[in-house]
Amino acid sequence: MRRGALIVLAAALVSGAAIAQASLPVQGRWAVSQERCATESMEFGSSGQFTSTLDSGEPRQGSYKTGRDRIILLDEAEPDRELALIILDLTPTRLVAFDETIEADRRLVKCR
């Protein structure tokens, strides 16, 4: 009985950790500066949708999901390819991530 209780407790802790890591606070609009929020930004909606005009030649939109240390983008134009933003630093007002699509870091601020 005691062993079964330990297994149930361990399973609850693991599932709780999975829920916690899947809910990174990235919702909102992000840009390289406050001045560019209206023209060049990436927005993450609470419903799991994103839009990006960070790359003026390639606006993107689709869905996203978060993991422990990354944001996975599923672009509508490339539904079979997952694009990752690997989070290096995240605060309520700053997002620094390695963007696999441009193979460089993106340093973004949260738009007001």
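Which two residues form a disulfide here, and how far apart are their sulfur atoms? Select Cys37 and Cys111: they form the disulfide, with sulfur atoms 2.0 Å apart. Keep in mind throughout this tour that the model is a predicted one.

**Stop 1: the disulfide**

Stay with these two cysteines for a moment. A disulfide is a covalent bond that joins the sulfur atoms of two cysteines. A search of the whole structure finds one disulfide. Cys37 sits in the loop between strand 1 and strand 2, while Cys111 belongs to the segment after strand 8 (104-110), so the pair ties together parts that are 74 residues apart in sequence. If your viewer reports torsions, try the S-S bond of Cys37 and Cys111: the value is about -95 degrees, so this disulfide is left-handed.

Are these cysteines buried or exposed? Cys37 is buried, its relative accessible area being 10%. Cys111 also counts as buried, at 15% relative accessibility.

**Stop 2: the barrel**

Now switch to a cartoon view and follow the strands. Eight strands close into a barrel, in the order 1-2-3-4-5-6-7-8, and their pairing is antiparallel. From one strand to the next, the twist averages 30 degrees. As a reminder for the eye, strands of a sheet pair through backbone hydrogen bonds, in either a parallel or an antiparallel arrangement.

Start with residues 28-31, which make up strand 1; this strand pairs with strand 2 in the antiparallel sense over four bridges. To see one partnership up close, select Ala31 and look across to strand 2, where its bridge partner is Ser41.

Next, colour strand 4 and strand 5 (residues 70-75). Five bridges join these antiparallel strands, and the two form a hairpin with three residues between them. Thr66 is a handy landmark, standing opposite Ile71 in strand 5.

Carry on to strand 6, residues 82-90. Strand 5 and strand 6 run antiparallel and are joined by five bridges. They too form a hairpin, here with six residues between them. Select Leu73 and you can find its bridge partner, Leu83, in strand 6.

**Stop 3: Ser41 and its surroundings**

Go back to Ser41, the partner of Ala31, which lies in strand 2. Ser41 is buried, with a relative accessible area of 6%. What does its side chain make a polar contact with? Show Arg29 as sticks: the side chains of Ser41 and Arg29 make a polar contact at 3.2 Å.

To see the wider neighbourhood, leave aside residues within four places of Ser41 in sequence. Its contacts then include Trp30, Ala31 and Arg36, along with Thr51, Ser52, Thr53 and Leu54.

**Stop 4: an aromatic pair**

How many aromatic pairs does a search of the whole structure find? The search finds one. Select Phe44 and Tyr64: their ring centres are 4.9 Å apart and their planes lie at 70 degrees, so the pair is edge-to-face. Phe44 lies in strand 2 (residues 41-44) and Tyr64 in strand 4 (residues 60-66), so the pair ties together parts that are 20 residues apart in sequence. Both Phe44 and Tyr64 are buried.

**Stop 5: Gly48**

Keep Tyr64 on screen and add Gly48. You will find Gly48 in the loop between strand 2 and strand 3 (49-52). At 15% relative accessibility, Gly48 counts as buried. Not counting residues up to four places away in sequence, Gly48 touches Gly62, Ser63 and Tyr64. For a distance check, pick the C-alpha atoms of Gly48 and Gln27: these residues are 21 apart along the chain, and the atoms are separated by 8.8 Å.

**Stop 6: Glu103**

Finish at the loop between strand 7 (94-99) and strand 8, which is the place of Glu103. Is Glu103 buried or exposed? Glu103 is exposed, with a relative accessible area of 66%.

Its backbone deserves a look as well. Most residues other than glycine have a negative phi. Phi of Glu103, though, is near 55 degrees, a positive value in a residue other than glycine. As a last pick, select the C-alpha atoms of Glu103 and Leu85, which are 9.9 Å apart, with the two residues separated by 18 along the chain.

Key:
Residues numbered from 1 in each chain as written. Predicted model: local features only at pLDDT ≥ 70, side-chain atom pairs only at ≥ 80, totals over all residues. Heavy atoms only, no water. Phe/Tyr/Trp six-rings, centres within 6.5 Å; stacked < 30°, edge-to-face > 60°. Buried < 20%, exposed > 50% of the residue type's maximum accessible area, 1.4 Å probe, protein only. Pairing = 2+ DSSP bridges. Axes fitted to C-alpha atoms, helices over the stretch in contact; angles between N-to-C directions. Disulfide = S-S within 2.5 Å. Polar contact = N/O pair within 3.5 Å; in protein donor to acceptor, adjacent residues only side chain to side chain. Contact = heavy atoms within 4.5 Å.
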